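Visitor: I should like to learn how the features of a structural model are read. May we go through them in turn?

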Amino acid sequence: MSSERVQTMLWWCGVALVCAFAAESAWHLEWAAVAPSWLFLLTALGRSWLLAVVAIGVGIVVAFPLAVLRVYGPAGVRHAAVTLIEAVRATPELMVIFWVYFTLPYLIGTQVSAWNAALGSLSVIAAAYLAEVIRAGLYSVPVGQIEAARSSGLNAYQVFRFIVLPQALRNMLPALIAQLVALFKTTSLVYAIGVMDFFRAVNVTKNAVFAPYALYLILGAGYFVSCFAITRVVRWFDPRYQLLE
Amino acid sequence: MMRFITALAALAVLLTTAPLHAESTLQTVLKRKQFIAGIVADSPPSAYVDAQGHNVGYCADIARYLARRIGVPLQFVQVTATSRVPLLQTGRIDAEVSVTTPNKVRNEVVDFTFSYIFDNGVLVVREGDSANLKDYQNADKVMGATQGNGFVDRWKLLSPNAKFKLFQDESDVVVALKKKDIDGYITGSFAAHRFAKAGGLTIGPVWASSPDAIMVREDDSKWRNWLNWALQRMWTEGTLQKLYVKWYGFEPDFSLGDGGQLQPRVMEIGKENDPWLALPPGFLDKLLGDQSYTLD
Amino acid sequence: MSLDWSILWQFRDALLSGLLTTLWISAVGIIGSTLIGVSVGCLATVPSPLLRRITGAYVELLRNLPMIVKLFFLYFIAGLPAVASALLALSLHQSAYIADVTKAGIRSIARGQIDAALSLGHSWTQVFRYVLLPQVLRVVMPPMTTQYVAVVKNSAVVALISVQDLTFETQQINVETFRGFEAATATTVLYILIAMAVIGTMTWLQPLRFDRR
């Protein structure tokens, strides 16, 4: 047998062993105590998903003009964009969430629910990180193509729209999806302002029934399965992608 | 970077000079026609969330009663230990009806009503370990508790050089106790009995009593007065005691108010700043039964 | 609502000790994650299907779990002491991303160099040590900076298992005095300063060369 086949067999044997061991240890946990809360936990997981997806959507819409300004804008605007992006990226996400929740009511005059504040702050975080991803995508298009396009008579807008943008979008797709995964993990922080996301739901259940080991496992499994599903979806879009982040 | 700091400073100035609520929260609630109560979700049986996500518990029922007496609908806002004070100060909630322990330093920032829960502090240890308090009042033992627990300060009075490990959830402290990372677990008797069911733990004697009160904004006398009158009236009616039995399983081992003396003439309804509507028929029965969460 | 900034002065000892804890935990996390991550990243480029799968599974597993879950698993389930769990969780978490960055960096260097070195009889270890890493470490410095800043921010999570870092002390100030806004502002500024220090140090290290000329 070739070395490659031996190695593949070794791998799958190892995987089977690990799965068997994990299943055996998990069998003896306190699942009966946790069972009544399954719907509560599932809805909370759905809420985390909703937060992540909406925040990414709004984030992309905001990040795009921000990134374009950062790359192509006049000097003053460029510096403002850089400051904004870097300030948000340097601040711990928990602080961004707190700031938005407690100061937004003052800025817009009306009260803001925890859910809306969570969406807002996650969108702000998403926008800052996505702006950097888009910028990297814009830079990834070879300069030679831009120069060739300009010299063959296309104006700046046409170059951007037909040469840079399509390639940039394709190049940045894996990194964009990586941000979705990262943002999904960041949604766990909104527990601090009272939103019943998956993390908080697991904690609340932990306080109601004493089954910590089963619940820690559910916590890990919920996040792992969700994030893994996202990366699998990317594979479906682009089989050759390398997750670079 | 400088721009960010400047923005931060501007925000700080803005918040410092923001207009204080000139009118009492009582007027705000009546005008808005809604009572927004802050409540935590992780403190059974005082304030927690059931498997379907309803706010239930002793505090939740009290909030429902209060809303009915004012005559407005109730809205719950779930708060956490970190968010409860900023939410109160920015006016997002009208009162925090949960398990906050008054202390002097906190009283500089917010105001408290009469205490309406008295939680007995116990020491929880691993089965087989000594349950004698004196054994733990030295610097060799590491005590565990949740951060912000009112009993931590009281334990430090007994044992000034005590070492603490503070966690976010009660069940985290229990796991830490079981894996021998801490020697003793300081908590209230409600939490202790809940976790003792898991086995392997011994509950020690009661060594302190920690009050919990409703938290309101600083200098809001009319609102705080009304809440105090409401609590005293509930006590006179016997409703407060019945709710206590419903959730905690025993009669209150304290007397509400100034050392048990209710204010004379507290049942007289005032002409202004004292809304006290009659309860709808059947409300009290539902409140004291299992379906109280449907009364929102 | 009036702000009382003097609370920060009153709690200066707690804040300072929290800051120091955050600093040394982040430093160890940065070193640990780099050592583990670069090793895994190098292993991922060796053309062995078994190694590829193992490193791939390692990266997938660690990247799809939030830092909190790893921390809880190490402390509550595996039963390690608090500081060890914190350092291990922090290192493992970031090592997955650093492994990817390293792998990308190695891929970006001409394949020909590796083939040439191997055909000259060098072992894989020698190839990594003398040919690849000196070049790769220079190339990956910008993405590494992002990872190191992430280590600093992720270190805030260790407050949940009672490691008394800056975030823990902030929460302590909040529950004792209810002056959370002042404490949160101070902490935010401190975290930003630490992040800036990390970025500054990496920028200053940029011109370093790892190959001996």
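Guide: Let us begin with domains, whose bounds come from an automatic or database domain assignment. For chain B, the assignment gives domain 1 (20–100 + 220–295) and domain 2 (120–210). This is a predicted model, in which local features need pLDDT of at least 70 and side-chain atom pairs count only at pLDDT 80 or more, while totals for chains, interfaces and linings use all residues. Residues are numbered from 1 along each chain as its sequence is written, and chains are lettered from A and ligands numbered from 1 in the order in which they are written.

Visitor: What separates the centres of domain 1 of chain B and domain 2 of chain B?

Guide: The distance between the two centres, taken over C-alpha atoms, is 30 Å. A contact requires that the C-beta atoms of two residues, placed from the backbone, lie within 7 Å. Six residues from domain 1 of chain B and four residues from domain 2 of chain B take part in the contact.

Visitor: How many strands and helices are there in chain B?

Guide: Helices (H or I, at least four residues) and strands (E, at least two) are DSSP runs, numbered from the N terminus. Chain B has 11 of each: 11 helices and 11 strands. The radius of gyration is taken over C-alpha atoms, and the globule rule is 2.2 Å times the number of residues to the power 0.38. For chain B the radius of gyration is 21 Å, close to the 19 Å that the rule gives for 296 residues, so chain B is as compact as a globular protein of that length. Along the principal axes, its C-alpha atoms fill a box of roughly 60 × 60 × 40 Å. Of the contacts in chain B between residues at least 6 apart in sequence, 72% join residues at least 24 apart.

Visitor: How is strand pairing read, and which strands of chain B pair with S11(B)?

Guide: Two strands pair if DSSP finds at least two bridges between them. Strand S6 (residues 95–100) of chain B pairs with strand S11 (residues 201–217) of chain B in the antiparallel sense over two bridges; Glu96(B) has Met215(B) as its bridge partner in S11(B). Strand S7 (residues 110–126) of chain B also pairs with S11(B) in the antiparallel sense, over 13 bridges, and here Phe118(B) stands opposite Pro211(B).

Visitor: What is the order of the open sheet of three strands in chain B?

Guide: The order is S2-S3-S4, with antiparallel pairing. Strand S2 (42–43) and strand S4 (55–56) of chain B stand at the edges with a single partner strand each, so one side of each is left without a neighbour in the sheet. S2(B) and strand S3 (residues 47–49) of chain B are joined by two bridges, and Asp42(B) has Tyr48(B) as its bridge partner in S3(B).

Visitor: How should burial and the nonpolar core be read?

Guide: A residue is buried if 20 or more other C-beta atoms lie within 10 Å of its own, exposed if 12 or fewer, and partly exposed in between, with C-beta atoms placed from the backbone. In soluble globular proteins, nonpolar side chains tend to be buried together. A nonpolar core is a set of buried Ala, Val, Leu, Ile, Met, Phe, Trp, Tyr and Cys residues joined through C-beta atoms within 7 Å. The largest nonpolar core here has 218 residues, and Ile97(A), Ala118(A), Ala37(B), Ile39(B), Ala63(B) and Leu71(C) touch the most other members. Helix H6 (residues 114–139) of chain A gives the largest share of this core, 16 residues. Not counting residues up to four places away in sequence, Ile97(A) touches residues including Ala118(A), Leu189(A) and Ile193(A).

Visitor: Is Tyr139(A) exposed or partly exposed?

Guide: Tyr139(A), in helix H6 of chain A, is partly exposed, with 13 other C-beta atoms within 10 Å. Tyr139(A) and Val164(A) lie 25 residues apart in sequence and 8.8 Å apart in space, C-alpha to C-alpha.

Visitor: How many residues of H4(C) are buried?

Guide: Nine of the 11 residues of H4(C) are buried, so this helix is largely enclosed by the rest of the structure. Among them are Met67(C), Lys70(C) and Leu71(C). Just after H4(C), Gly79(C) takes a positive phi of about 80°.

Visitor: Which elements of chain B supply the side that touches chain C?

Guide: The contact takes 23 residues from chain B and 20 residues from chain C. Helix H1 (2–16), helix H4 (84–89), helix H5 (104–107) and strand S9 (163–167) of chain B each supply at least two residues, and H1(B) gives the most, with four residues.
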